[in-house]
Amino acid sequence: VGSFLNPVTMWVGGHDGGEALVGIFPHKNVLAQRVLLLALSSTVILMSAHYRPIFRVCAVAALGLALLLVAQAKAATAVILLAAVTPVAVIMSLIWRPAVHIHGLRSAIVMGGLSTVVLGLLVLINVFGINPVADGLAFFGKDSTLTGRTVIWQTGNKVITDNPLLGVGAGNFWHADNTTAVRLADRFWHEDGRFWFHNTYYEVMVHLGAVGLIAAIYSYGRSMLLIIGSWWRDQQGAE
């Protein structure tokens with residue numbers, strides 16, 4: 001609401017950048033993340049039978065506001081996530097919950113959903129000749145460099161080649177004493193080398209090297225397995 005009432009914009013992006021809404025936040029991506037959570041929360045409230053009508057009315061207003069803000073923030077990632085996750089929330093409410101009454105139906109829904117996605121991608125790519133990456137970038141008005149990200153990643157590749165095992169040390173790349181970092185940051189209208197690679201892989205590899213990447217993959221993978229495994233056991237138990 002604060003960002004809607006105070007619609008501050010700033011210049012963002014690389015060579016094809018432009019004005020994007022940031023509102024009361026320091027960057028459009030921060031606004032997009034908050035708006036994404038607002039949209040998903042509103043969808044869940046609308047789909048749930050446990051909320052009073054007044055909360056559903058508020059959810060409708062919040063969802064409309066979220067869609068408006070995410071469009072003005074020009075954050076392609078947030079739009080893609082919203083388009084992908086919102087149908088999942090609707091399916092969970094309308095199909096997944098009733099499926100508990102039929103043993104094994106939930107497992108069939110998961111396998112059927114994954115098969116449908118894979119088959120759909122194969123048809124789009126091989127039959128209709130659609131290039132998901134190129135066509136997706138064109139749809140969102142992005143160039144082939146992902147608004148300059150690939151330029152940053154090329155620099156990251158060089159740093160990784162020079163320091164593959166342990167990296168340059170946590171926080172030792174993006175600072176004002178590093179000429180390369182300052183040059184990149186200035187290119188994207190940031191000062192004193194305060195910038196980032198826009199990619200977790202490069203952030204970890206540049207700063208912590210292969211050792212850090214292995215630790216990050218293990219931590220993330222184990223966390224996801226624990227979370228998904230616990231959720232899946234709860235679903236199976238409900239059957």
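Helix axes are lines fitted to C-alpha atoms over the stretch in contact, and the angle between two of them runs from 0 to 180 degrees between N-to-C directions. Keep that in mind for the exercises below. The model is predicted.

**Exercise 1. The overall plan**

State how many helices and strands the protein has, and give their order.

Solution.
- Step 1: Count the elements. There are nine helices and two strands.
- Step 2: Read along the sequence. The pattern is α-β-β-α-α-α-α-α-α-α-α.
- Step 3: Add the burial. Of the 239 residues, 28% are buried.
- Step 4: Look at the contacts with a separation of 6 or more. Residues 24 or more positions apart account for 54% of them.

**Exercise 2. The length of two helices**

Compare the end-to-end reach of α2 with the expected value, then do the same for α7.

Solution.
- Step 1: Take α2, residues 28–47. This helix has 20 residues.
- Step 2: From first C-alpha to last, α2 reaches 28 Å, close to the 28 Å expected at 1.5 Å a residue.
- Step 3: Take α7, residues 149–162. Its 14 residues should span 20 Å, and its end C-alpha atoms are 20 Å apart, which agrees.

**Exercise 3. The buried residues**

List the buried residues of α2 and of α7.

Solution.
- Step 1: Recall the cut-off. Buried means under 20% relative accessible area.
- Step 2: In α2, the buried residues are Lys28, Leu31, Ala32, Val35, Leu36, Ala39, Leu40, Ser42, Thr43 and Ile45.
- Step 3: In α7, they are Val151, Ile152, Trp153, Thr155, Gly156, Val159 and Ile160.
- Step 4: Think about spacing. An α-helix has 3.6 residues a turn, so residues three or four places apart point the same way.

**Exercise 4. α2 against α4**

Decide whether α2 and α4 are roughly parallel or roughly antiparallel.

Solution.
- Step 1: Find the angle. α2 and α4 (residues 76–96) pack at about 15 degrees, with axes 10 Å apart.
- Step 2: Apply the cut-off. Angles under 35 degrees count as roughly parallel, so α2 is roughly parallel to α4.
- Step 3: Give the hand. α2 passes α4 in a right-handed crossing.
- Step 4: Name the partners. α2 contributes Ala32, Leu36, Ala39, Leu40, Thr43 and Met47. Among the α4 residues they meet are Leu81, Leu82, Val85 and Thr86.
- Step 5: Sort this contact by class. It has 11 nonpolar, three polar and no charged residues.

**Exercise 5. α2 against α3**

Repeat the analysis for α2 and α3.

Solution.
- Step 1: Find the angle. α2 and α3 (residues 53–73) pack at about 150 degrees, with axes 8 Å apart.
- Step 2: Apply the cut-off. Angles over 145 degrees count as roughly antiparallel, and α2 and α3 are therefore roughly antiparallel to each other.
- Step 3: Give the hand. The crossing of α2 past α3 is left-handed.
- Step 4: Name some partners. Leu31, Val35 and Leu38 are among the α2 residues in this contact, and the α3 side includes Phe55, Arg56 and Ala59.
- Step 5: Sort by class. The contact of α2 with α3 has 15 nonpolar, two polar and two charged residues.

**Exercise 6. Two loop residues**

Locate Asn131 and His198, and describe each one.

Solution.
- Step 1: Asn131 sits in the loop between α5 (105–126) and α6 (132–139).
- Step 2: Asn131 has a relative accessible area of 39%, so this residue is partly exposed.
- Step 3: Leu121 is 10 residues from Asn131 along the chain, and their C-alpha atoms are separated by 9.9 Å.
- Step 4: His198 sits in the loop between α8 (179–187) and α9 (200–238).
- Step 5: At 22% relative accessible area, His198 is partly exposed.
- Step 6: Check the backbone. Most residues other than glycine have a negative phi. His198 has a positive phi, near 55 degrees.

Definitions and conventions
Residues numbered from 1 in each chain as written. Predicted model: local features only at pLDDT ≥ 70, side-chain atom pairs only at ≥ 80, totals over all residues. Heavy atoms only, no water. Helix = DSSP H or I, 4+ residues; strand = E, 2+ residues; numbered from the N terminus. Expected span 1.5 Å × (residues − 1). Buried < 20%, exposed > 50% of the residue type's maximum accessible area, 1.4 Å probe, protein only. Parallel < 35°, antiparallel > 145°, perpendicular 65-115°, else oblique. Left-handed = near helix turned anticlockwise from the far one by under 90°. Contact = heavy atoms within 4.5 Å. Nonpolar A, V, L, I, M, F, W, Y, C, P; charged D, E, K, R; others polar.
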